[in-house]
Amino acid sequence: MDYALEIRNLTKKYNGFTLDHINLALPSGCIMGFIGENGAGKTTTIKLILDLIKKDSGEIYILGEEISKSQRILKEKIGVVMDECCFPENLDIKEINFIMKKIYKTWDESLFRQYYTRFGLKEKQPVKEYSRGMKMKLSITCALSHGSQILILDEATSGLDPIVRDEILDVFLEFIQDERHSIFISSHIISDLEKICDYITFLHKGKIIFNDSKDLLLEKYGVLKCSESELKTVDSSAIIGYRKSGFGVEALVEREKIAGSLLVDPASIEDIMLYYIREGKK
Amino acid sequence: MIGLILKDIMNLKKQAKIYILLLAFYGFLAYSNKEMSMVTVMICLLNVMLSVTALAYDEKANWEKYALSMPITRKDLIMSKYCLGLLGLGFGVLVSIAFSLIIPGVNTKVNNLMILYASLAGLGALSILFPLLFKFGVEKGRLMMMLMFFLPTVGIVLFSKLNLPPPSIETIEIIKIGIPIFVILLFVISIIVSNIIYKKKEF
């Protein structure tokens, strides 16, 4: 299988935080959601992927190549959206187009115009007058306008209203129609990722908890609602985590290990993440 | 790299308006005093400040980490800033020469020497400043810039208090040739040091 992004045993140590032997693989033509709490190491991982910080050990391959070895040519094919818009504030769209034309050999001016017109960005407005939504749209427009084969997005939808987010997610889904294209997206807004992702990777305190196809995860896990005494009858290896309330217990369980007449509701990706890291971990 | 320099020039366009106004003001001063030296020094200082401003804008927007996700190397980022500094100083030289031609009563021979040494001073200042700015960022770098202008002044004042005999003509000749060589060497070393600093920098 061809992988758009492959990470093997990636490790980076800081004082008080270690990104610990990260392994993940994003098949070409797919979208991978990268989830985890604040400070889990998502941005650190993305910075390592882009060679903005130096890894302690491990290997990173983007489109089959190591980024630190084939920088220029490879980076033409990577579209990046950071968690902020990084253009200096006095520039406007026309100037950004002019500059990017000189930076990317593959810069597609007409595609750029098409996207910024679609997003309703004004040509002569400097970046500093943009709202957060407009800034993110500008970053996404740039990431899509130079023959990118993989998009790497760090919190590209956070801080945006649902309408803008939906608009942006549609653009991502259009991008992925070409089977050579892939997306690696980190986000706090798990419902967004649930809408578009094929794979979900969950990072917690610098370690990967799971890295699976979304459908498989949704199939595998469920939320069991029962009384405390009923929970005790359940095979303990089936319980990932649980939460007690006035009405009984809710537990994230592996569906196939639950026998009998107990009621298991479908779990969302958000449920899975929350039960893994929150209270009552078995 | 051309893209990076263009980005700085376009982003500094607001500053450019103030820059031109200041130039006009200094031009007027030079015209009324029939004296160019202060104007030449001010133009150089302005150019050094412009390079620092360009870096400050980059830092504010976190441009560098974004730029490094593009087909741009760390070396390109460094070199674009040095080129911008050189372009600014070159432009300053042209403006100073233009002023000296327009303003009557200016001794062009003396003035050309003045322009040369002011530009060398500017180049020297950039050579020391850039590695500091790349290492410590613009905020701390600004403080160091103040120190950099302050310490030589103190040095010169102290030196003049020592009542040393004036240097011989031969010594002055050596200094005249020595300074340009020293500054060019400093510039080259500065580029090397900046590259080493940037290579290790984490964004």
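## The largest pocket

About 460 Å³ of space lies in the largest pocket, and since this is a predicted model, everything here describes a computed structure. A good place to start looking is around B:Tyr117, B:Ala118, B:Leu120, B:Ala121 and B:Gly122, which lie nearest the centre of the largest pocket, out of 21 residues that line it.

Which helices build this lining? In chain B, α3 (37-61), α6 (108-161) and α7 (169-200) each put in at least two residues. The top contributor is α6(B), with 14 residues. Sorted by class, the lining of the largest pocket comes out as 19 nonpolar and 2 polar residues, with no charged ones.

## The second largest pocket

Next up is the second largest pocket, with a volume of about 360 Å³. Its lining takes 14 residues, and B:Ile9, B:Leu50, B:Leu84, B:Gly88 and B:Phe91 are the ones nearest the centre.

Chain B is again the place to look: α2, α3 and α5 of that chain each supply at least two lining residues. Here α2(B) gives the most, with 5 residues. The class count for this second lining is 9 nonpolar, 4 polar and 1 charged.

## Two helices side by side

Now for a pair of helices that also help line the second largest pocket. In chain B, the axes of α2 (residues 13-33) and α5 (residues 74-102) come within 11 Å and cross at roughly 30 degrees. Angles under 35 degrees count as roughly parallel, so α2(B) is roughly parallel to α5(B). The crossing of α2(B) past α5(B) is right-handed.

Where do the two meet? From α2(B) come B:Tyr19, B:Leu23 and B:Gly27, and from α5(B) come B:Phe91, B:Val95 and B:Phe99. That contact has 5 nonpolar residues, 1 polar residue and no charged ones. B:Phe91 is worth a second look: this residue is part of the helix contact, and B:Phe91 is also among the residues nearest the centre of the second largest pocket.

## Cavities

Besides the pockets, the structure holds 4 cavities of 30 Å³ or more. The largest cavity has about 50 Å³ of space.

Both chains take part in lining the largest cavity: the chain A residues include A:Ile78, A:Met100, A:Tyr104 and A:His146, while B:Tyr66, B:Ser69 and B:Met70 come from chain B. Within chain A, β6 (78-81) and α5 (132-144) each supply at least two residues of this lining. By class, the lining of the largest cavity has 8 nonpolar residues, 2 polar ones and no charged ones.

Technical notes: Residues are numbered from 1 along each chain as its sequence is written. Chains are lettered from A and ligands numbered from 1 in the order in which they are written. This is a predicted model: local features need pLDDT of at least 70, side-chain atom pairs count only at pLDDT 80 or more; totals for chains, interfaces and linings use all residues. Side-chain values use heavy atoms; hydrogens and water are left out. Axes are lines fitted to C-alpha atoms, for helices over the stretch in contact, and angles run from 0 to 180 degrees between N-to-C directions. Helices (H or I, at least four residues) and strands (E, at least two) are DSSP runs, numbered from the N terminus. Angles under 35 degrees count as roughly parallel, over 145 as roughly antiparallel, 65 to 115 as roughly perpendicular and the rest as oblique. A crossing is left-handed if the near helix is turned anticlockwise from the far one by less than a right angle, and right-handed if clockwise. Contact means heavy atoms within 4.5 Å. Ala, Val, Leu, Ile, Met, Phe, Trp, Tyr, Cys and Pro count as nonpolar, Asp, Glu, Lys and Arg as charged, and the others, Gly among them, as polar. On a 1 Å grid over the protein atoms alone, a cavity is a set of points where a 1.4 Å probe fits but cannot get out, and a pocket is an open set with protein on both sides within 12 Å along at least five of seven lines; lining residues have an atom within 4 Å of a point. Grid points are joined across faces, edges and corners, and a volume is the space filled by probe spheres set on the points.
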